[in-house]
Every structure is written in C-alpha cells, then in structure tokens.
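Visitor: I should like a close look at a single part of this protein. Please describe the first helix and its surroundings in one connected account.

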Amino acid sequence: MSQGNIKDMLALRANAGSTMAALERIPRPEVGPRDVLIKVRSAGLAPGVFTMLKMGLLRQLPTTIGHECAGEVEEVGADVQAFQPGDRVRMHPTMSCGRCRFCLTGLDQMCAKAAMVGFVSFGAEPVPEFRDYHPGALAEYVRVPMDYVDMLPDNVSFDVGAKVHDLANAIRCLKAAELPPASTLMILAATGTMGTAAIKLASLFGVARLVLVGRSTDRVEMLRGLTTLPVDVIAADAFADSPDPAAALRARVAELLPKSADAILDFAPNGSNFWTAVESLGTNGTFVHMGGSTQPFPFPLTAMLRHCWRVIATRNHSRDDARMALELLASGQLQVDELISHQFALRDIDKAITAMTSREQPMWWAVIHP
C-alpha cells in the first residue's frame, strides 16, 4: 500500500456491493467554515457496524466506518471559536434535527432524523448534514461539524475518550431502569463492552448488589475485579452438560434471586440464551434492552401485568448522557482505564476485527490507533 502524501489519509472504507470493509488511501477531508478536523488518536472498535455492513444496512456508500473516536484538533473552520488546533476532543457521532420534541427535551437520540457518523441513519430521512458528514473515524482524520465535538478532560486518555459512547449507552440504560436505593441489578451479556461499562457505573446509580450473566465461567468470573460491590455470577457453560440447560439456568437464577431483581439490563444480541433469567425480576421491576435481539419477548402481557413489570427498549444515548459520562470521568468518580483490554494499529484492522468477532480471547474494550 502506498504511503500517500500529506493530503491523503488511511481509512477503513465500506463500498457498495461489498459486505466487507477495507483499508484505502483517500483524500483528507477539507474543512468548511463550521468544521473541526480531528486527528484521530484513538477510535473505538464496535461489532455493530460490521453487522450492519453485512446486512446491507449502510445506505451512505462509499463511506468510512467507525463512530467512536477521540483525538486532537488539527484544523478549524473560520467560524469556529470554541476549539483551536491542539485541543483534546472527542466526537459525538449522533446528529439530530435540534428542533423536534425529543431534541428539545434531552432525548435527541430518539429524533426521527437521527443518524450516526460512521454508522447508520435511524430513520428513512436523516438530518440533511448527514449526507456530507457520514464518513466516520476509523481513519487518520475525521471532519465533524463543531456542534458535535466535546472537549476531553485532561485526566481522560484518548482511549477512554473514544469509548465514552459506550459509557453513555450504559448510562442511558441505567437511567431508564429508574433504580430504587440499594437495588439489586442483573446484567445479561455482562462481559461485553456495555456490560462492563454498566458494572463500572452501577454504584453511582444506587446499586448495592450485582448479578452478572454470561456464557463463559472464566470470563464472567473476571468481572468481579471491576467493582467493589457484592457480585454473584451465572455462566451458561456451567449448565452445558445438564439434560435441560435452560431449566438449570432458571433454577440457579431462582436460587440467587427469588423474584427480587429490581432491574435487568440486557445487552445480549441473542436474547434466547438468557431470557429465562427474566423470571427473577421483582414486582415493579424494569427490563431494559439494548442488545438488538431479533427474538420476540417470551412473556405474555398478563405476566407483565401481574408483576407490574416495565419493559423498555432503548437505542443509543442522548448528548446529556455523554456529557454526564465526561463529567464523571473528569471528577474522578468514574475510572475505567482497566477496561481498555485491546489496542491495535489501524494497519492491523483485519487482525482486530478477527479478534473481536471470534471472541477466542476475553475482550472488553478494543481501540484502534491510526
């Protein structure tokens, strides 16, 4: 691959007619009056965008993928006053109209025109600026309108700054759960990116006890060291030799939580693996889903009525959630550096994607360094 020149950059590109992304040298973005050009120091690696690409759901092609990043301001447009070259910043990838009832009430991720840089648009007609700013951050540089840039606190590394997106997703789910004081919280798919983020945040939302559910005993046991809260763990592989693994898992959950979980956060893309655990949800408990499962929820409305359960599905997070994550990091109340488990160079992106999708080794947060 050619080394290019100063006006070129390396980027991970998705092209029409292909379900795979590939590294290419493309022109560096040119800065307009309201733009900020970020030299990417760290970009988050998330499986969702690759799933969308394989499903043919990325409509703005060709494009650079990647919706999580932090770096240094390289250049600003003539109308930009809040940022200057050298500033440490992170990109807020979700664009929205700024005028609808959701945008005006701190729920901008629900905007009908919401779209994410380097990812997808959520509605049929995304916000107009998405047409020009959809290329994302798995690249050496990314151009973003100044309204979608946040200052990165001095005590927050670029790697953690790149993963603020996932912290904010976990904050959105914890807010939706409306947890009572001294609550018991169960997390499904706890070993993933958002599961580990939720573990780190749990004590800040009044959680007194965690029950963590995953596939692998070894990997779930590793999570105990991420929190000072009392932790119980449940791993699906512990019941693999049972005549009825689902029933065995259900019995273990009932033993630990006899109808007493205040909330369940579900980050599993395949809900059928763990949904027997929902029976542990207590009266007026909340089930929050952000896993993207395609399975129907397995409980009838009468069961929800009897237990006064609340079932909430939520996508993405609001700008306020992201700002809360930054404030918690800046204050030192939230420390998550140990979650950065894997770092890869952009030129090794194929190796990184293979590691992420195979899950042969435990992986919490993975980042790419251009």
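Guide: The model is predicted, and the account begins with helix α1, which spans residues 47-54. Its buried residues are V49, F50 and L53. These residues cover an arc of only 100° around the axis, so they lie on the same side of α1. A general property of helices is relevant here: an α-helix has 3.6 residues a turn, so residues three or four places apart point the same way. The buried residues of α1 pack against three elements, namely β1, β2 and α10. After the helix comes G56, whose phi is positive, near 75°.

Two of those packing partners, β1 and β2, belong to an open sheet of three strands with the order β2-β1-β4 and antiparallel pairing. Strands β2 (21-27) and β4 stand at the edges; each has a single partner strand, so one side of each is left without a neighbour in the sheet. In general, strands of a sheet pair through backbone hydrogen bonds, either parallel or antiparallel. Strand β1, residues 8-14, pairs with β2 in the antiparallel sense over seven bridges. Within that pairing, R13 stands opposite A22 in β2.

The route from α1 to the edge strand β4 (63-64) is a loop, and P62 is placed in it. A cis peptide bond joins L61 and P62, with omega of about 0°.

Strands β3 and β5 lie on either side of this stretch in residue numbering, with β3 at residues 35-44 and β5 at residues 69-76. They pair with each other in the antiparallel sense over seven bridges, and the bridge partner of I38 in β5 is V73. Strand β5 also pairs with β6, residues 88-91, in the antiparallel sense, here over three bridges. In that second pairing, the bridge partner of A70 in β6 is R90.

Helix α1 also has a part in the largest pocket, which holds about 1,500 Å³ of space. Of the 45 residues that line this pocket, the closest to its centre are P47, G48, F267, P269 and G291. The elements that give two or more residues to the lining are α1, α4 (164-177), α5 and α10 (349-358). The largest share, six residues, comes from α1. Helix α10 thus appears in two connections, as a contributor to the lining and as a packing partner of the buried residues of α1. By character, the lining residues divide into 19 nonpolar, 18 polar and eight charged.

Another contributor to the lining, α5, leads to a backbone feature elsewhere in the chain. The loop between β11 (183-188) and α5 (193-201) is the place of A189. This residue has a positive phi of about 60° although it is not a glycine. A189 counts as buried because its relative accessibility is 17%, and buried here means under 20%.

A further case is N316, in the loop between β16 (310-313) and α9 (319-331). N316 likewise has a positive phi of about 60° and is not a glycine. With 7% relative accessibility, N316 also counts as buried.

To return to the helix itself, α1 has V49, F50 and L53 as its buried residues, and α1 gives six residues to the lining of the largest pocket.

Terms used:
Residues numbered from 1 in each chain as written. Predicted model: local features only at pLDDT ≥ 70, side-chain atom pairs only at ≥ 80, totals over all residues. Heavy atoms only, no water. Helix = DSSP H or I, 4+ residues; strand = E, 2+ residues; numbered from the N terminus. Buried < 20%, exposed > 50% of the residue type's maximum accessible area, 1.4 Å probe, protein only. 1 Å grid on protein atoms, 1.4 Å probe; cavity = no way out; pocket = protein on both sides within 12 Å on 5 of 7 lines; lining within 4 Å. Points joined across faces, edges and corners; volume = space filled by probe spheres on them. Nonpolar A, V, L, I, M, F, W, Y, C, P; charged D, E, K, R; others polar. Pairing = 2+ DSSP bridges. Arc of directions from axis to C-beta. Contact = heavy atoms within 4.5 Å.
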